[in-house]
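The following exercises concern the predicted model shown below. Each task sentence is followed by a solution that proceeds step by step.

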Amino acid sequence: MSKADFLDTLATAEQWHAEGRQLAIATVVQTWGSAPRPAGSHLVIDGAGNFEGSVSGGCVEGAVIAEAQDVITDGHPKMLEFGVADETAWRVGLSCGGTIRVYVERLN
């Protein structure tokens, strides 16, 4: 993820917040082995399920968006961990076979 992508995602979060949308932000906080996105990557999600940015891709990203909806509703942050064995990595969206931890929190 380039610095421009990082800033674009945060700018989107700022814009959506100014529009009054309920938001959550997901941040890759740690990776082990290979991972599609480095630590510090962001995904911003609104209450309607719109999103911008990326924390992984594939099924992982879908799971993070679903969890973000709960975080927006109840306000309780979540630490999510995704990892798979190399032989099943492609099937679930971690094509590199790594493990990632993603922190999801509501933005007020």
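**Exercise 1. Characterise the salt bridge in which lysine 78 takes part, beginning with the exposure of its residues.**

Step 1. Lysine 78 has a relative accessible area of 23% and is therefore partly exposed; buried means under 20% relative accessible area, exposed over 50%, and partly exposed in between, with a 1.4 Å probe and protein chains only.

Step 2. Glutamate 67, at 27% relative accessibility, is likewise classed as partly exposed.

Step 3. The side chains of glutamate 67 and lysine 78 form a salt bridge with an N to O distance of 2.5 Å. The criterion is a side-chain nitrogen of Lys or Arg within 4 Å of a carboxyl oxygen of Asp or Glu.

Step 4. This pair links distant parts of the chain, with glutamate 67 in helix H2 and lysine 78 in strand E4, 11 residues apart. Helices (H or I, at least four residues) and strands (E, at least two) are DSSP runs numbered from the N terminus.

The conventions are as follows: residues are numbered from 1 along each chain as its sequence is written, and side-chain values use heavy atoms, with hydrogens and water left out. Since the model is predicted, local features need pLDDT of at least 70 and side-chain atom pairs count only at pLDDT 80 or more, whereas totals for chains, interfaces and linings use all residues.

**Exercise 2. Determine which residues are joined into one network by salt bridges that share partners.**

Step 1. A search of the whole structure yields 5 salt bridges.

Step 2. One of them joins the side chains of glutamate 19 and arginine 21, at 3.0 Å from N to O. Glutamate 19 is partly exposed because its relative accessibility is 43%, and arginine 21 is partly exposed at 29%.

Step 3. Arginine 21 also forms a salt bridge with aspartate 46, where the closest N and O atoms are 2.9 Å apart. Here distant parts of the chain are linked: aspartate 46 belongs to strand E2, and arginine 21 to the loop between helix H1 (3-18) and E1, 25 residues apart.

Step 4. Aspartate 46 counts as buried, because its relative accessibility is 3%.

Step 5. The network therefore consists of Glu19, Arg21 and Asp46, joined by salt bridges that share partners.

**Exercise 3. Describe the geometry of helix H2 and explain where its buried residues lie around the axis.**

Step 1. H2 spans residues 58-74, that is, 17 residues, and reaches 25 Å from its first C-alpha to its last. This is close to the 24 Å expected at 1.5 Å a residue, the expected span being 1.5 Å times one less than the number of residues.

Step 2. The buried residues in H2 are Val60, Glu61, Val64, Ile65, Ala68, Val71 and Ile72. They lie on the same side of H2 because they cover an arc of only 135° around the axis, taken from the directions from the helix axis to the C-beta atoms.

Step 3. After H2 comes glycine 75, with a positive phi near 80°.

**Exercise 4. State which elements supply the largest nonpolar core and which of its members touch the most others.**

Step 1. A nonpolar core is a set of buried Ala, Val, Leu, Ile, Met, Phe, Trp, Tyr and Cys residues joined through side-chain atoms within 4.5 Å. The largest one has 17 residues, of which Ala26, Leu43, Val55, Val64, Val102 and Val104 touch the most other members.

Step 2. At least two core residues come from each of strand E1 (23-32), strand E2 (42-46), H2, strand E4 (78-83) and strand E5 (99-107). H2 provides the largest share, 6 residues.

Step 3. Valine 55, leaving aside neighbours within four places in sequence, has contacts (heavy atoms within 4.5 Å) with residues including Ala26, Leu43, Val64 and Val102.

**Exercise 5. Locate glutamate 52 and identify what it touches.**

Step 1. Glutamate 52 is situated in strand E3 (residues 51-53) and is partly exposed at 37% relative accessibility.

Step 2. Not counting residues up to four places away in sequence, glutamate 52 touches Thr9, Thr12, Trp16, His42, Leu43 and Val44.

Step 3. Threonine 12 is located in helix H1 and is buried, with a relative accessible area of 14%. With the same exclusion of residues up to four places away, threonine 12 touches Val44 and Glu52.
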